[in-house]
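Subject: The structure, and what turned up in it

Hi there,

Here is the structure I promised to pass on to you. Please open it and have a look around before reading my notes below.

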Amino acid sequence: DGSNIFLVDFSGHRVLRCPADGDGSACSTVAGGRGRGSSVAHLNHPLVAYVTPDSSKIFIGDHGNNRVLRCPADGDGASCVVFIGGVQVPQAMAFLPGTNEVLMPTGSKDHAVLRCPVDGDG
């Protein structure tokens with residue numbers, strides 16, 4: 001809806017949600033921020049983040065853990081789940097209008113394009 005922007009902090013192992021009209025002081029952590037790690041509460045060099053068109057969910061490409069997490073866009077990281085694991089993190093993503101599905105081309109090693117329901121388990 002344009003009221004927030006999401007920032008991927010690669011070295012800080014976190015993703016932040018910030019008010020679009022703010023000065024950065026009101027940012028909050030949506031995922032990670034607990035140091036580098038492999039549990040769902042941790043990220044390991046997140047690379048990309050994509051927000052669903054309705055702004056309810058955020059998909060995070062967790063590069064160091066070879067997975068994509070799905071988190072509530074208004075959450076604090078406690079409700080993130082592994083959406084897809086064991087794949088090279090996508091560097092692009094597209095939501096298919098009217099289908100509630102997401103397309104994710106996997107990395108160069110996998111040579112695949114995944115088509116997954118947004119609310120599915122990957």
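Below are my notes on a sheet and on the cysteines.

Before anything else, please keep in mind that this is a predicted model.

**The sheet**

Let's begin with the strands. Four of them come together in an open sheet, and if you walk across it you meet them in the order β4-β5-β6-β7. The pairing is antiparallel. Which strands stand at the edges? They are β4, covering residues 46-51, and β7, covering residues 81-85. Each of these has a single partner strand, so one side of β4 and one side of β7 are left without a neighbour in the sheet. From one strand to the next, the twist averages 25°.

If you would like a place to zoom in, try the pairing of β4 with β5, which spans residues 57-62. Five bridges join these two antiparallel strands. One bridge to look for starts at Pro46, whose partner in β5 is Asp62.

**The cysteines**

Next come the disulfides, of which the structure holds two. As a reminder, a disulfide is a covalent bond between the sulfur atoms of two cysteines. Counting the bonded cysteines along the chain, the pattern is 1-2, 3-4.

One disulfide links Cys18 with Cys27, and their sulfur atoms lie 2.0 Å apart. This link is right-handed, with 115° about the S-S bond. Are its two ends buried or exposed? Cys18 has a relative accessibility of 5%, which is under the 20% cut-off, so Cys18 counts as buried. Cys27 has a relative accessible area of 28% and is partly exposed.

The other disulfide joins Cys71 to Cys80, again with an S to S distance of 2.0 Å. The link of Cys71 and Cys80 is right-handed too, with 115° about the S-S bond. Cys71 is buried, at a relative accessible area of 1%, and Cys80 is also buried, at 7%.

What about Cys116? This residue is in no disulfide. The nearest cysteine sulfur belongs to Cys71 and is 16 Å away from that of Cys116, whereas a disulfide needs the two sulfur atoms within 2.5 Å. Cys116 is buried as well, with a relative accessible area of 4%.

Happy browsing, and best wishes!

Note on methods. Residues numbered from 1 in each chain as written. Predicted model: local features only at pLDDT ≥ 70, side-chain atom pairs only at ≥ 80, totals over all residues. Heavy atoms only, no water. Pairing = 2+ DSSP bridges. Helix = DSSP H or I, 4+ residues; strand = E, 2+ residues; numbered from the N terminus. Axes fitted to C-alpha atoms, helices over the stretch in contact; angles between N-to-C directions. Buried < 20%, exposed > 50% of the residue type's maximum accessible area, 1.4 Å probe, protein only.
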